[in-house]
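User: I want to go through the labels given to this structure and hear the reason behind each one. Please set each value against its cut-off.

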Amino acid sequence: MKNLRYFCETLLVASAAWLLPRLPRSVILAMSKGVGFAAYHLDIKGRKTALENLRVAFQGEYTLADRQRIARQSYQTFARTFLDLFWAASLTHETWQQHITIQMCDAQAEATARETGGVWVTPHFGNFEFVSLIWGFRGIPFTVVAQDFKNPGLTAIFKRLREHSGHTVIPQESAMLKLMKALKRKGHAGLLTDLNISPGKAATAIRCFGLLTCVPTLHVQLAMRLGLSIMTGVCLPLPDGRYQVSIFEALRPQPDEDVTIVTQRVWDHFEKAIRKNPECWLWMYKHWRYLPSRGTYPDYPTYAKPSRKFTAMLETMGLAEPPPPAA
């Protein structure tokens with residue numbers, strides 16, 4: 001049964017990979033709105049998580065109706081991201097510029113990164129897949145870490161789509177070693193930095209919308225060890241089907257700098273962009289899985305649970321929060 005399911009999944013996705021690049025842009029945009037609208041209403045658990053995240057992130061700034069609208073638009077944004085990953089197979093070195101504008105905070109920083117290599121980071125905001133492909137067309141091929149599917153047929157299809165503009169996609173196993181080798185050859189790493197991961201050597205705690213969360217530090221560690229810049233940016237979807245990319249400050253952390261401070265500084269750029277366009281972030285993801293310590297914290301999502309490892313990390317960092325007083 002598993003092999004039959006894998007065959008049907010692969011056939012369905014392969015058919016989408018053949019069909020979607022052949023559709024007009026207007027059809028892709030209409031499909032994105034429809035698929036996102038349906039996903040918002042059908043994905044009960046994801047919708048509940050999104051509304052909880054919006055509640056704690058904005059603390060009364062938005063009404064329930066506002067949060068529902070933002071969550072629905074977030075689903076539509078990520079439907080567009082998914083469909084555009086397939087549609088972008090039609091892009092070429094001659095046509096990609098029709099679909100994007102780029103605002104560079106420091107053009108010299110990119111020129112330096114082209115010569116030395118660099119660590120390029122973005123959150124799950126807007127179309128992170130599309131901007132990655134565009135940078136390949138611009139002559140900056142990334143080494144990208146992607147989780148393999150259980151179905152190897154799907155892994156092969158998505159690998160091909162993400163490598164369309166010249167990137168190299170690698171699995172998570174031994175990813176840091178492979179990234180180090182690529183960067184030492186003056187290559188480029190493309191990473192998503194807003195994942196909520198288990199506390200450990202490759203993680204730290206930062207403030208995200210005022211709440212403590214545990215995030216990866218791989219991008220900072222790579223830049224520090226190799227003396228490279230961290231290039232931060234986001235890709236904002238526009239109503240007409242195009243995108244606007246904003247590349248923010250380039251950070252070049254020194255070996256003796258505090259990893260947590262640099263990680264927080266990177267995130268602060270992204271949070272500013274999310275606050276300005278909240279519908280573009282992945283709100284249906286559990287961004288705050290861990291409570292700061294045991295107790296009830298109404299300002300954290302209801303899905304957040306106590307974690308001894310996270311509490312120990314916070315105590316070591318001097319960030320542990322006492323439980324709020326009982327009502």
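The questions below take up aromatic pairs, salt bridges, backbone angles and surface patches in turn.

User: What kind of model is this, and which residues count?

Analyst: This is a predicted model, where local features need pLDDT of at least 70, side-chain atom pairs count only at pLDDT 80 or more, and totals for chains, interfaces and linings use all residues. Residues are numbered from 1 along each chain as its sequence is written, and side-chain values use heavy atoms, with hydrogens and water left out.

User: How many aromatic pairs does the structure hold, and why is the pair of F86 and F158 called edge-to-face?

Analyst: The structure holds 21 aromatic pairs. For F86 and F158 the centres lie 5.6 Å apart and the planes stand at 80°. Rings of Phe, Tyr and Trp (its six-membered ring) pair if their centres lie within 6.5 Å; planes under 30 degrees apart count as stacked, over 60 as edge-to-face and the rest as tilted. Both conditions are met, so F86 and F158 are an edge-to-face pair.

User: What makes this pair a tie between parts of the chain?

Analyst: F86 lies in helix α4 (residues 64-87) and F158 in helix α7 (residues 152-162). These parts are 72 residues apart in sequence, so the pair ties them together. Helices (H or I, at least four residues) and strands (E, at least two) are DSSP runs, numbered from the N terminus. F86 and F158 are both buried.

User: How do you know that F209 and W288 are edge-to-face?

Analyst: Their ring centres are 6.4 Å apart, within the 6.5 Å limit. Their planes are at 80°, over the 60 degrees required, so the pair is edge-to-face. F209 sits in the loop between β6 (203-208) and β7 (211-216), and W288 in the loop between α10 and β10. The pair therefore ties together parts 79 residues apart in sequence.

User: Why are F209 and W288 called buried?

Analyst: Buried means under 20% relative accessible area, exposed over 50%, and partly exposed in between (1.4 Å probe, protein chains only). F209 has 5% relative accessibility, so F209 is buried. W288 has 0%, so W288 is buried too. Both belong to one aromatic cluster, together with F58, Y62, W267, F270, W281 and W283.

User: What is unusual for a residue other than glycine in the phi of F209, and what is the phi of Q59?

Analyst: F209 has a phi near 55°, a positive value in a residue other than glycine. Q59 has a positive phi of about 45°, and Q59 is not a glycine either. Q59 is found in the loop between α3 (44-58) and α4. Its relative accessible area is 49%, so Q59 is partly exposed.

User: Why do E110 and R114 count as a salt bridge?

Analyst: A salt bridge is a side-chain nitrogen of Lys or Arg within 4 Å of a carboxyl oxygen of Asp or Glu. E110 and R114 meet at 4.0 Å, N to O, so the pair counts. They are four residues apart in helix α5 (residues 107-116), about one helical turn. E110 is buried at 8%, while R114 is partly exposed at 37%. E110, R114 and R138 are linked in a network of salt bridges.

User: Which atoms meet between E249 and R265, and what makes this a link between distant parts?

Analyst: The side chains meet N to O at 2.2 Å. That is within 4 Å, so this is a salt bridge. E249 is in strand β9 (residues 243-251) and R265 in helix α10, 16 residues apart. E249 is partly exposed at 24%, and R265 is partly exposed at 41%.

User: How many salt bridges does the whole structure have, and how do you know that K159 and E163 form one?

Analyst: A search of the whole structure finds eleven. K159 and E163 meet at 2.6 Å, N to O, so they pass the 4 Å limit. K159 is partly exposed at 34%, and E163 is partly exposed at 24%.

User: What makes K45, K286, R289 and K305 a positive patch?

Analyst: Patches are made of residues with over 30% relative accessible area and no salt bridge: like charges are joined within 9 Å, nonpolar side chains (Val, Leu, Ile, Met, Phe, Trp, Tyr) within 5 Å. Lys and Arg count as positive and Asp and Glu as negative; His and the chain ends are not counted. The place of a charge is taken as NZ of Lys, CZ of Arg, CG of Asp or CD of Glu. K286 has 35% relative accessible area, so K286 passes the 30% limit. K286 is found in the loop between α10 (259-276) and β10 (290-291).

User: Which residues form the nonpolar patch?

Analyst: M1, L4, F7 and L11 form this surface patch, with about 510 Å² of accessible area together. Accessible areas come from the Shrake-Rupley method with a 1.4 Å probe; for residues, only the protein chains shown count as cover. L4 is in helix α1 (residues 2-19).
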